[in-house]
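Trainee: I have a structure open and would like to learn how to read it. Where should I begin?

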Amino acid sequence: MDREAIEQSFARAGWELDESFSEYLIIGHNGDGLSILAHPEPQETEDPVFELIDHERNLTYGVQEILPPQQAAQILQEHGQPPEE
């Protein structure tokens with residue numbers, strides 16, 4: 001998935017794009033403390049491609065697909081862990 005396809009998928013899923021770190025990351029946020037991150041380079045791995053983040057509760061969770069913010073919040077509540085140091 002290239003950068004433009006990821007950005008379009010974030011927008012279709014209901015995320016607002018944040019261009020502040022566009023050289024390093026593709027960031028979507030919901031304006032309410034949740035974000036989804038992707039690295040702009042394609043990844044040739046089976047590891048999670050997207051990282052969900054709950055900034056208020058300091059939780060993260062990796063996923064293979066782009067989820068809408070409401071579903072991301074539920075996943076983070078059920079499975080989120082503090083970020084690895």
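Mentor: Begin with one pair of residues: I26 stands opposite A38 in strand 3. Keep in mind that this is a predicted model.

Trainee: How many bridges join strand 2 to strand 3, and in which sense do they run?

Mentor: The general idea is that strands of a sheet pair through backbone hydrogen bonds, in a parallel or an antiparallel way. Here strand 2 and strand 3 run antiparallel and are joined by 4 bridges. The two strands form a hairpin with 4 residues between them. In the turn, G31 has a positive phi of about 75 degrees.

Trainee: What lies 3.2 Å from the backbone nitrogen of G31?

Mentor: A polar atom of the side chain of H29 lies at that distance. H29 is found in strand 2 and is partly exposed, with a relative accessible area of 23%. Buried would require a value under 20%. H29 touches W15, E16, L17, D18, L34 and S35, leaving out residues up to four places away in sequence. Its C-alpha atom and that of D18 are separated by 7.0 Å, with the two residues 11 apart along the chain.

Trainee: In what order do the strands of the sheet come?

Mentor: There are 5 strands in an open sheet, in the order 1-2-3-4-5, with antiparallel pairing. Strand 1 (16–18) and strand 5 (59–63) each have a single partner strand, so one side of each has no neighbour in the sheet. From one strand to the next, the twist averages 25 degrees.

Trainee: Which residues stand opposite each other further along the sheet?

Mentor: S35 stands opposite I53 in strand 4, and strand 3 pairs with strand 4 over 4 bridges in the antiparallel sense. Strand 4 (residues 50–54) pairs with strand 5 over 5 bridges, also antiparallel. In that pair, E51 stands opposite G62 of strand 5. Helix 1 (residues 3–13) packs on the sheet, touching strand 1, strand 2 (26–29), strand 3 (34–38) and strand 4. The direction of helix 1 makes about 5 degrees with that of strand 2.

Trainee: Is strand 3 largely enclosed or largely open, and why?

Mentor: Count its buried residues: 5 of the 5 are buried, so strand 3 is largely enclosed by the rest of the structure. L34, I36 and A38 point one way, while S35 and L37 point the other way.

Trainee: How do I read helix 2, and which of its residues are buried?

Mentor: Look for its buried side. In helix 2 (residues 69–79), P69, A72, I75 and L76 are buried. They cover an arc of only 120 degrees around the axis, which puts them on the same side of helix 2. The face turned away from that side carries the exposed residues Q70, Q77 and E78. The buried residues of helix 2 pack against helix 1, strand 3, strand 4 and strand 5.

Trainee: Which residues have the most contacts inside the largest nonpolar core?

Mentor: They are F10, W15, I36, F50, L52 and I66, in a core of 17 residues. Helix 1, strand 3, strand 4, strand 5 and helix 2 each give two or more residues to this core. Beyond four places in sequence, L52 touches residues including I36, T60, A72, I75 and L76.

Trainee: Is T60 buried or exposed?

Mentor: T60, found in strand 5, is buried, with a relative accessible area of 16%. Among its contacts beyond four places in sequence are E51, L52, L76 and P82.

Notes
Residues numbered from 1 in each chain as written. Predicted model: local features only at pLDDT ≥ 70, side-chain atom pairs only at ≥ 80, totals over all residues. Heavy atoms only, no water. Pairing = 2+ DSSP bridges. Axes fitted to C-alpha atoms, helices over the stretch in contact; angles between N-to-C directions. Contact = heavy atoms within 4.5 Å. Buried < 20%, exposed > 50% of the residue type's maximum accessible area, 1.4 Å probe, protein only. Polar contact = N/O pair within 3.5 Å; in protein donor to acceptor, adjacent residues only side chain to side chain. Arc of directions from axis to C-beta. Core = buried A, V, L, I, M, F, W, Y, C linked by side-chain atoms within 4.5 Å.
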